[in-house]
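Q: I would like a close look at a single part of this model. Please set out the overall fold before going into the detail.

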Amino acid sequence: NNRLKLPRLATRAFSTTTKQMKNKVPDNQKIFQADNGLPVHIKGGTTDVLLYRLTMTITLAGTGYSLFWILCACQPKGK
């Protein structure tokens, strides 16, 4: 009996109507295609700028850390 209810529950859980969801693509196209001189990865607003800066900081810190240990590995060992 429970197996007969499962397909009905699955279709009810994943079905949406056009009234429930608004198409946000045209709004996002206006934002990202605007000619305001900003690169596309920053046009999303403050959150995109913070994520970009965090990503670049982590990348540069990781590169510096790797280069430090490569330099340490290249040095001759002291007696």
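How many helices and how many strands make up the secondary structure of the protein chain? With that settled, which residues does Lys43 touch, in the loop between α2 and α3?

A: The model is predicted. Its protein chain has three helices and zero strands, and the order along the sequence is α-α-α. Of the 79 residues in the chain, 3% are buried. The exposed area of the chain is about 7,800 Å², and carbon and sulfur atoms account for 64% of that area.

The loop in question lies between α2, which covers residues 25–33, and α3, which covers residues 46–74. Lys43 is located in this loop. Lys43 is classed as buried because its relative accessible area is 15%, and the cut-off for buried is under 20%. Leaving aside residues up to four places away in sequence, Lys43 touches Ile31, Phe32, Gln33, Ala34, Asn36, Leu38 and Asp48. One polar contact can be given in detail: the side chain of Lys43 comes to 3.1 Å from the backbone oxygen of Phe32. Lys43 and Ile31 are 12 residues apart along the chain, and 7.1 Å separates their C-alpha atoms.

Gly44 also has its place in the loop between α2 and α3. Between the C-alpha atoms of Gly44 and Phe32, again 12 residues apart along the chain, the separation is 7.4 Å. Gly44 is partly exposed, since its relative accessibility is 44%.

Val40 is another residue of the loop between α2 and α3. Its relative accessibility is 55%, so Val40 counts as exposed. Together with Ile31 and Phe32, Val40 makes a nonpolar surface patch of about 260 Å². Ile31 and Phe32 thus appear twice in this account, as members of the patch and among the residues that Lys43 touches.

The salt bridge count comes to one. The pair consists of Lys22 and Asp27, whose side chains meet with an N to O distance of 3.1 Å. Lys22 has a relative accessibility of 61% and is therefore exposed. Asp27 is partly exposed because its relative accessible area is 36%.

On the other side of the loop, α3 covers residues 46–74. An unreviewed UniProt entry places the feature "transmembrane region" at residues 50–74. In the model, the span of residues 50–74 is 100% helix and 0% strand, and its end C-alpha atoms are 36 Å apart.

To return to the part asked about, the loop between α2 and α3 holds buried Lys43, partly exposed Gly44 and exposed Val40. The side chain of Lys43 reaches the backbone oxygen of Phe32, while Val40 shares a nonpolar surface patch with Ile31 and Phe32.

Terms used:
Residues are numbered from 1 along each chain as its sequence is written. This is a predicted model: local features need pLDDT of at least 70, side-chain atom pairs count only at pLDDT 80 or more; totals for chains, interfaces and linings use all residues. Side-chain values use heavy atoms; hydrogens and water are left out. Patches are made of residues with over 30% relative accessible area and no salt bridge: like charges are joined within 9 Å, nonpolar side chains (Val, Leu, Ile, Met, Phe, Trp, Tyr) within 5 Å. Accessible areas come from the Shrake-Rupley method with a 1.4 Å probe; for residues, only the protein chains shown count as cover. A salt bridge is a side-chain nitrogen of Lys or Arg within 4 Å of a carboxyl oxygen of Asp or Glu. Helices (H or I, at least four residues) and strands (E, at least two) are DSSP runs, numbered from the N terminus. Buried means under 20% relative accessible area, exposed over 50%, partly exposed in between (1.4 Å probe, protein chains only). UniProt positions are given in the numbering used here, feature names are shortened, and annotations may be inferred rather than shown by experiment. Contact means heavy atoms within 4.5 Å. A polar contact is a pair of N or O atoms within 3.5 Å; within protein, one must be able to donate a hydrogen and the other to accept it, and residues adjacent in sequence count only if both atoms are side-chain atoms.
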